[in-house]
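Subject: A structure for you to look at

Hi there,

I am passing a structure on to you, with some notes on what turned up in it. Please have a look at the model first, and then read on.

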Amino acid sequence: MHSMRASPSLKLPFPSNLASISSSHGRRSLRLSSSTGAVFAQMESTITITRPDDWHLHLRDGDLLQSVLPHSAKQFGRAIVMPNLKPPITTTAKALAYRESILKALPTDTDFSPLMTLYLTDNTSPEEVRLARDSGAVFAVKLYPAGATTNSQDGVTDIFGKCLPVLEEMVKLEMPLLVHGEVTDPSVDTFDREKVFIETILTPLVEKLPSLKIVMEHITTADAVNFIESCKTGNIAATVTPQHMLLNRNSLFQGGLQPHNYCLPILKRETHRRAIVEAVTSGSTKYFLGTDSAPHDKKRKECSCGCAGIYSAPLALSLYAKVFEEAGALDKLEAFTSFNGPEFYGLPRNTSKIIMRKSPWKVPETYSYASGVIVPMFAGETVEWLVCEE
């Protein structure tokens with residue numbers, strides 16, 4: 001099956017609202033932020049930022065893990081690793097074993113740290129969550145409504161009943177709950193499932209357990225932005241993907257059906273995309289980087305029942321930089337990528353730096369692995385920002 005991939009132009013305008021010109025090693029440069037240390041050099045067009053983390057990442061296992069892990073490890077210091085394998089990571093023992101397989105697959109020249117998660121089910125016990133917290137390797141519990149997305153068939157069906165003792169224990173342990181925020185009721189329109197989840201599940205959950213730390217993952221709507229902004233306790237935050245800041249639902253159909261732009265939660269209207277960009281680039285500390293990079297073999301995307309997921313890991317930072325530059329907010333990029341997440345999780349910031357250079361490069365059409373190929377986001381397109389080492 002041949003698939004055309006339609007995408008918006010990736011040309012980046014030179015920002016017009018940069019100020020505070022200073023001298024740096026004999027070059028004219030524009031210092032964007034004394035608080036973050038991020039610098040945009042006019043002649044070389046570079047930004048130096050604290051090494052980011054990815055707070056929502058799918059690494060899979062087996063051959064796929066071996067191939068996709070280096071793309072994340074090269075750019076990110078840490079990542080919250082999703083537990084929806086087959087079978088899912090439902091216990092601390094499984095999480096520790098998965099962590100070991102990730103560490104063994106790491107390139108030798110990286111100090112990337114996988115932060116593990118448990119897959120919440122109706123049968124998860126408070127004792128298991130205590131084991132997870134005591135392990136020092138498991139940092140959160142992931143809520144998948146049963147049937148909501150890839151490998152979620154073992155997920156939750158009774159959050160306010162069977163799962164309540166676990167959630168109450170998580171409050172005591174200050175263990176974050178990571179939420180895939182969609183209802184699975186077939187009578188609810190696909191494009192409304194996040195909105196209805198907020199109304200029927202998330203809002204009542206916050207009211208019942210106001211001290212529970214919650215991350216609403218990969219938000220897609222203005223409704224989610226309004227919910228996050230309405231929560232004043234500091235316990236509620238959100239991760240945001242590159243696709244939900246760059247694409248709207250037209251991207252699924254331009255030039256024909258676009259399977260490589262299909263993800264869950266599904267892309268929404270342009271008004272929702274704009275609301276997310278405005279919130280994220282505002283400087284609010286409630287939002288942080290979570291790519292939701294989700295590799296699938298090309299054959300599993302381009303078929304009669306294609307998988308949901310967009311593989312963005314190799315170019316995610318380039319795309320986030322594009323969004324912030326176009327919003328005139330490059331001075332706020334570092335907080336989103338590198339500060340807000342550690343602050344929410346109670347972890348230190350990374351100490352190393354990365355450099356991003358305005359140097360156009362072409363995204364490969366595919367990335368190969370032992371069993372096939374993966375088509376990345378914006379395959380074959382040119383992006384303007386290149387990630388370099390310090």
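Below I go through the chain as a whole, then its cores, one helix, and the empty spaces.

**The chain as a whole**

Please keep in mind that this is a predicted model. The mean pLDDT of the chain is 90, and 88% of its residues reach 70 or more. The stretch to treat separately is residues 1-43, where the pLDDT is below 50. In the model, that stretch still has 98 contacts beyond near neighbours in sequence.

The chain has 390 residues, and 58% of them are buried. You will find 11 helices and 16 strands along it. Among contacts with a separation of 6 or more, 72% are between residues 24 or more positions apart.

**The cores**

In soluble globular proteins, nonpolar side chains tend to be buried together. Here, the largest nonpolar core has 101 residues. Which of its residues touch the most other members? They are L59, M170, L177, M245, Y287, F336 and M356. Helix α10, residues 316-326, provides the largest share of this core, with 7 residues.

M245 is a good place to start when you explore the core on screen. Setting aside neighbours within four places in sequence, M245 is in contact with V240, R273, I276, V277, V280, Y320, V323 and F336. F336 is thus on both lists: it is a contact of M245, and it is named with M245 among the residues that touch the most other core members.

There is also a second, separate core, made up of 14 residues. Y119, F139, V215 and F344 are among them.

**Helix α4**

M170, named above for the largest core, is also one of the buried residues of helix α4, which covers residues 164-173. The others are L164, V166, L167 and E169. What do the buried residues of α4 pack against? Their partners are two helices, α3 (126-135) and α5 (193-208), and two strands, β8 (138-143) and β9 (177-179). After α4 comes E174, which has a positive phi, near 55 degrees.

**Pockets and cavities**

Rolling a probe the size of a water molecule over the atoms shows where empty space is left.

The largest pocket has a volume of about 280 Å³. It is lined by 14 residues, and R60, D61, L64, N151 and R300 are the closest to its centre. By type, this lining holds 4 nonpolar, 5 polar and 5 charged residues.

The second largest pocket has a volume of about 230 Å³. Of its 15 lining residues, T285, K286, N340, E343 and F344 lie nearest the centre. F344 also belongs to the second core mentioned earlier. Helix α11 (333-345) and strand β11 (236-240) each supply at least two residues of this lining, and α11 gives the most, with 5 residues. The lining divides into 7 nonpolar, 4 polar and 4 charged residues.

How many cavities of 30 Å³ or more does the structure hold? There are 5. The largest cavity contains about 120 Å³ of space. Its lining has 16 residues, with H58, T149, T150, L264 and D292 nearest the centre. That lining comprises 5 nonpolar, 8 polar and 3 charged residues.

Enjoy exploring it!

Best wishes

How values were computed:
Residues numbered from 1 in each chain as written. Predicted model: local features only at pLDDT ≥ 70, side-chain atom pairs only at ≥ 80, totals over all residues. Heavy atoms only, no water. Core = buried A, V, L, I, M, F, W, Y, C linked by side-chain atoms within 4.5 Å. Buried < 20%, exposed > 50% of the residue type's maximum accessible area, 1.4 Å probe, protein only. Helix = DSSP H or I, 4+ residues; strand = E, 2+ residues; numbered from the N terminus. Contact = heavy atoms within 4.5 Å. 1 Å grid on protein atoms, 1.4 Å probe; cavity = no way out; pocket = protein on both sides within 12 Å on 5 of 7 lines; lining within 4 Å. Points joined across faces, edges and corners; volume = space filled by probe spheres on them. Nonpolar A, V, L, I, M, F, W, Y, C, P; charged D, E, K, R; others polar. pLDDT = per-residue confidence, 0-100.
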